[in-house]
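Thanks for making time this morning. I would like to walk you through one model, and I will try to keep each claim tied to what can be computed from the atoms.

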Amino acid sequence: MYTMDNKDNQAKEEVKMLKTTLSDMLEIEYPIIQGGMAPWATERLCVAVSNAGALGIISSIGVGMPQAAPVALADDPDWKDKSPYELLRAVLQWATEQTAEKQGIFGVNVPLAEEFGEVVEGLIRATIDARKEDEDTANRLRVIITSAGNPAPWANLIKESGALWFHVVPSVAHAMKAEQAGADLIIASGREGGGHVAFEPVHSMVLLPAVVNATSLPVVGAGGFCDGSTLAAALSMGAVGIQMGTRFIATEDSDFPEIWRQKILTSNERGSHVGISVFGPARYLKNKISQQLYELYNRGFLEGYKEGTRLEGRGMQQLSKSSDPDECVFLGGEVAGRIEQMPTVRELIEEICGDAETVIRKLPKLVTES
Ligand SMILES: Cc1cc2nc3c(=O)[nH]c(=O)nc-3n(C[C@H](O)[C@H](O)[C@H](O)COP(=O)(O)O)c2cc1C
């Protein structure tokens with residue numbers, strides 16, 4: 001196993017050399033995307049990731065259908081009266097200001113699931129207008145990442161934004177549809193990932209190279225990535241970078257409750273499973289409620305939907321109230337079993353890229369002359 005002890009100045013010099021098509025497309029230092037993680041807004045996390053030189057993402061559904069006041073509107077007593085469009089405009093303005101000093105690059109994630117109805121259009125329009133009306137936002141809000149739905153009907157609207165368009169897929173067939181719709185990059189999301197997953201289980205080790213082979217677009221791997229060796233593995237399978245969700249939750253800068261971060265730190269590699277969630281199956285970290293969601297899912301998604309979404313909703317509400325991990329629900333990936341520390345976002349990103357480079361430099365030594 002490759003260790004993470006390469007933190008001297010020489011390593012920092014080396015980090016700068018890990019450049020890929022993703023870093024070139026976005027003009028970012030590190031080929032890492034922080035995945036959208038609604039229903040949390042991920043505002044603080046987005047800013048921390050952007051300012052550390054990777055791509056931070058605002059979870060627009062978490063902003064537009066909020067659990068709590070967005071950080072940007074914490075002092076506004078009328079925030080609850082605002083539309084999803086207005087909420088996202090305020091958050092994008094705030095993110096632009098917070099990333100100004102370091103010129104951090106960021107993006108917006110918009111899940112396209114039909115359950116979100118007209119909210120989706122308001123969120124995309126807010127992104128378009130934010131870029132049109134503010135030069136700084138246009139310069140640094142570089143990408144819209146769509147997921148969880150058919151991208152084709154949204155192509156014209158997204159193109160109007162002038163931003164790059166990345167789309168998240170769970171299969172080769174979905175990747176081909178996104179390419180035909182005009183996406184600029186594909187994010188191949190394996191079944192080990194946290195949050196919503198496809199009904200058909202295909203994990204990153206199979207999905208990522210299959211999508212790379214099938215499409216002419218650049219591909220980013222998501223699901224199961226957390227460190228230098230997994231970044232190096234993604235690059236060796238033809239990816240141009242990685243998207244991480246679970247790993248970013250357990251950082252000092254994340255917006256997520258402490259109880260959730262501790263749950264990740266104490267999970268092992270068998271500590272997650274797939275259960276019912278609001279718009280499809282989702283991967284949860286195991287506890288009492290997730291066990292029920294898992295059992296309901298295995299009996300039949302439609303059959304268990306009503307009871308499952310009731311349990312999920314109650315568990316989510318408990319996140320801000322309860323200190324008992326069995327009363328909450330925690331979306332999270334298999335990779336939680338590989339996460340043992342809670343670094344800052346900057347430490348994490350620098351360590352991952354430094355270690356990936358060390359791994360890549362060691363690999364040629366395995367090829368010997370016969
Ligand atoms: C709590 C949580 C919420 C998520 N919500 C979203 C979302 O709103 N939109 C989306 O595209 N992906 C969502 N995801 C998936 C992540 O963006 C990312 O692709 C995934 O976590 C990668 O797998 P990993 O957890 O193994 O890193 C979510 C993941 C988690 C853990």
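**Backbone, ligand shell and two helices**

Let me begin in the loop between strand 1 and helix 3, where T42 is found. What we have on screen is a predicted model, so please hear every value that follows as computed from predicted coordinates. T42 has a positive phi of about 50°, although this residue is not a glycine. Is T42 buried or exposed? With a relative accessible area of 0%, T42 is buried, because the cut-off for that class is under 20%.

The loop between strand 1 (32–34) and helix 3 (43–51) is also the place of P39, and the peptide bond that leads from A38 into P39 is cis, with omega near 5°. As background for both of these points, most residues other than glycine have a negative phi, and most peptide bonds are trans.

There is another positive phi to mention, that of E27, which is near 55° in a residue other than glycine. E27 sits in the loop between helix 2 (21–26) and strand 1, and at 58% relative accessibility E27 counts as exposed, since the cut-off for that class is over 50%. If we take E27 as a reference point and go 90 residues along the chain to G117, the two C-alpha atoms turn out to be separated by 33 Å. G117 itself lies in the loop between strand 3 and helix 6 (119–133), and because its relative accessibility is 41%, G117 counts as partly exposed.

Now to the ligand. How many residues surround the ligand? There are 21 of them, and the closest are G36, N109, S147, G224 and T246. By class, the shell is made up of 9 nonpolar and 12 polar residues, with no charged residues. As for backbone contacts, a ligand oxygen atom lies 3.4 Å from a polar backbone atom of G223, and there is an oxygen at 2.8 Å from a polar backbone atom of G224; for G245, the distance from a ligand oxygen to a polar backbone atom is 2.8 Å. Of the 600 Å² of accessible area that the ligand has on its own, the protein covers 93%. The elements that contribute two or more residues to the shell are strand 3 (106–111), strand 9 (242–244) and helix 12 (246–249).

Let me finish with two helices, starting with helix 5, which runs over residues 84–98. Helix 5 has 15 residues and reaches 21 Å from its first C-alpha to its last, close to the 21 Å expected at 1.5 Å a residue. Its buried residues are L87, L88, V91, L92, W94, A95 and T96.

Helix 14 covers residues 288–299, and its 12 residues should span 16 Å at 1.5 Å a residue, which agrees with the 17 Å between its end C-alpha atoms. Which residues of helix 14 are buried? They are I289, S290, L293, L296 and Y297. These buried residues cover an arc of only 120° around the axis, and therefore they lie on the same side of helix 14. The general geometry behind this is that an α-helix has 3.6 residues a turn, so residues three or four places apart point the same way. On the face of helix 14 turned away from that buried side, we find the exposed residues K288 and R299.

Terms used: Residues are numbered from 1 along each chain as its sequence is written. This is a predicted model: local features need pLDDT of at least 70, side-chain atom pairs count only at pLDDT 80 or more; totals for chains, interfaces and linings use all residues. Side-chain values use heavy atoms; hydrogens and water are left out. A residue is near a molecule or strand if one of its heavy atoms lies within 4 Å of it. A polar contact is a pair of N or O atoms within 3.5 Å; within protein, one must be able to donate a hydrogen and the other to accept it, and residues adjacent in sequence count only if both atoms are side-chain atoms. Accessible areas come from the Shrake-Rupley method with a 1.4 Å probe; for residues, only the protein chains shown count as cover. Helices (H or I, at least four residues) and strands (E, at least two) are DSSP runs, numbered from the N terminus. Ala, Val, Leu, Ile, Met, Phe, Trp, Tyr, Cys and Pro count as nonpolar, Asp, Glu, Lys and Arg as charged, and the others, Gly among them, as polar. The expected span of a helix is 1.5 Å times one less than its number of residues. Buried means under 20% relative accessible area, exposed over 50%, partly exposed in between (1.4 Å probe, protein chains only). The arc is that of the directions from the helix axis to the C-beta atoms.
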